[in-house]
Amino acid sequence: MKVRHALLIGTGGFGRNHLNELVRLQDEGVLALGAVSDLRFTEHAAAIVAERGLRHYSDYREMLANEKAADFVIISTPIALHAPMCIDALEAGYHVLLEKPPGAVIQDVDRILEAVCRTGKLCGVNFFTPSSEALELIERTVGTGEIGQVRGIKGLALLTRTSAYYRRTPWAGKLMSGGNLVMDGAFHNPAAHLLYSMLKLSELLAGAAAPSVAPSRVTAELYHANPIDSDDTSAIRIGMSDGTEIHFYVTLCAKRTEQQRIRIEGTEGMLEWTYDNQVTVWRDGAIVSQRECREEGKGIMERRYRNLIRAIEGTDRLDVSLESARKFTLAANGAFESAVRIKPIASSRVQTSESSEEPGAYIEGIESTIKEAFASGKLFSEMGVPWAEPSVPFELTEYRSFPRRFELGR
Ligand SMILES: NC(=O)c1ccc[n+]([C@@H]2O[C@H](COP(=O)([O-])OP(=O)(O)OC[C@H]3O[C@@H](n4cnc5c(N)ncnc54)[C@H](O)[C@@H]3O)[C@@H](O)[C@H]2O)c1
């Protein structure tokens, strides 16, 4: 079978992982790395370029114009560049694997979708769920009625991020960067895979009966304790078009990072999937089954490249299509619109966490607050949390352009 050639735009930051993996897979004969592009190559990337004799470009457009023998382009650059780079790559005749999130705003994702339709090329998105085996198990368990009728899906991410996290790149924690919308917050970046997994689950659980289930209404409370523009602590309620409710809770201001979890509540029982890939089923308050599923772990990038290659060859469908990723952007933009602005948590309720070498913001009692919200399905203001303020639901029907009521720059 023909060895497919890849190009990479963005070799530093997270792109380092792509670069390492592409080189490894080239050595195994899975694919070939044609060329790479970056404005500034890190020492690590420059060493690989030199060692491998890789063609390299500071202007990605020049690479797209010169490397016509390549099949697909991986884009791992700042969020605001996703849409222009992806559209350029599609129009130059390449298939694309785009880093998540596909764009900061729905109009960018729709522009990419139009380019996909226009060019007939593929665009996969690098969202992942930590275990596809767990996803399949959950789909089977719920499908056989073990927990009854699904009432709702909940997700919880208790994470810590120190000040170094916000220093790592100029757009970290920003709503805008260089005049472009980036909306880089807690649910749009570190917990994005969890939110995507929940939306994917709602799609899988709706099954053939409602294949186009999508977010239709969002109510969200977005807060920050760090000196950033965007959110670091949020509670989001998403009404799906088939009537399922999703509740999503995230903070980057916990003392310690805990296993992220997704809970599916049914009329007869409950199922929980923790990110150590345990899937536990309860009925009448007692555990009826517990299974450990295989983790994707380091193999995730390889799976993504192989999936795209199979899709190019017409033997598979994309694991994460742009249409499926669009639901994430719809929910995320709806969350910002519902919140109207990011509300600050008073400094009297925020301490400096010294749990690692770098300081980080810690919100007093956030662990119990967020776990109580997760258990009850309430937003913070509905629980009477002193720093919380209610938000108004935002309808997503015919929603095409961000922002409509979100107040940028306040
Ligand atoms: N899949 C995951 O788990 C995961 C994890 C972290 C980040 N990401 C995503 O990866 C993407 C990159 O994030 P990051 O933190 O690495 O960003 P970053 O700001 O560190 O930039 C990544 C690279 O892009 C390069 N770059 C910037 N402008 C460029 C241009 N015009 N042409 C070529 N290269 C250019 C930068 O020099 C850098 O090397 C984002 O979409 C982010 O959300 C994904």
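**Backbone geometry, domain contacts and the ligand shell**

In the loop that runs between strand S9 (180–181) and helix H8 (192–206) lies Met183, which in this predicted model adopts a positive phi of about 50 degrees although it is not a glycine. Most residues other than glycine have a negative phi, and most peptide bonds are trans. Met183 counts as buried because it has 30 C-beta neighbours inside 10 Å, where 20 or more are required. A positive phi, of about 65 degrees, is also found at Val340, again although this residue is not a glycine. Val340 is placed in the loop between helix H10 (322–339) and strand S17 (343–344). With 18 C-beta neighbours inside 10 Å, Val340 falls short of the 20 needed for a buried residue but exceeds the limit of 12 for an exposed one, and therefore counts as partly exposed.

Cis peptide bonds were also identified in the backbone. One of them joins Lys100 and Pro101, with an omega of about -15 degrees, and Pro101 belongs to the loop between strand S5 (95–98) and H5. Another cis bond leads from Phe402 to Pro403, where omega is near 0 degrees; Pro403 is situated in the segment after strand S20 (394–395).

At the level of the whole chain, the domain assignment gives domain 1, covering 5–125, and domain 2, which is made up of 132–295 together with 322–395. The C-alpha centres of domain 1 and domain 2 are 29 Å apart, and contact between them involves 17 residues of domain 1 and 19 residues of domain 2. On the side of domain 1 that touches domain 2, the elements contributing two or more residues are helix H5 (106–119) and strand S6 (123–125). Of the elements on this side, H5 gives the most, with five residues. In terms of residue class, the side of domain 1 that touches domain 2 comprises 14 nonpolar residues, two polar residues and one charged residue.

The surroundings of the ligand were examined in a similar way. There are 22 residues around the ligand, and those that come nearest are Gly10, Gly12, Gly13, Phe14 and Thr169. When the shell around the ligand is divided by class, seven of its residues are nonpolar, 11 are polar and four are charged.

Technical notes
Residues numbered from 1 in each chain as written. Predicted model: local features only at pLDDT ≥ 70, side-chain atom pairs only at ≥ 80, totals over all residues. Near = placed C-beta within 6 Å. Nonpolar A, V, L, I, M, F, W, Y, C, P; charged D, E, K, R; others polar. Domains from an automatic or database assignment. Contact = placed C-beta atoms within 7 Å. Helix = DSSP H or I, 4+ residues; strand = E, 2+ residues; numbered from the N terminus.
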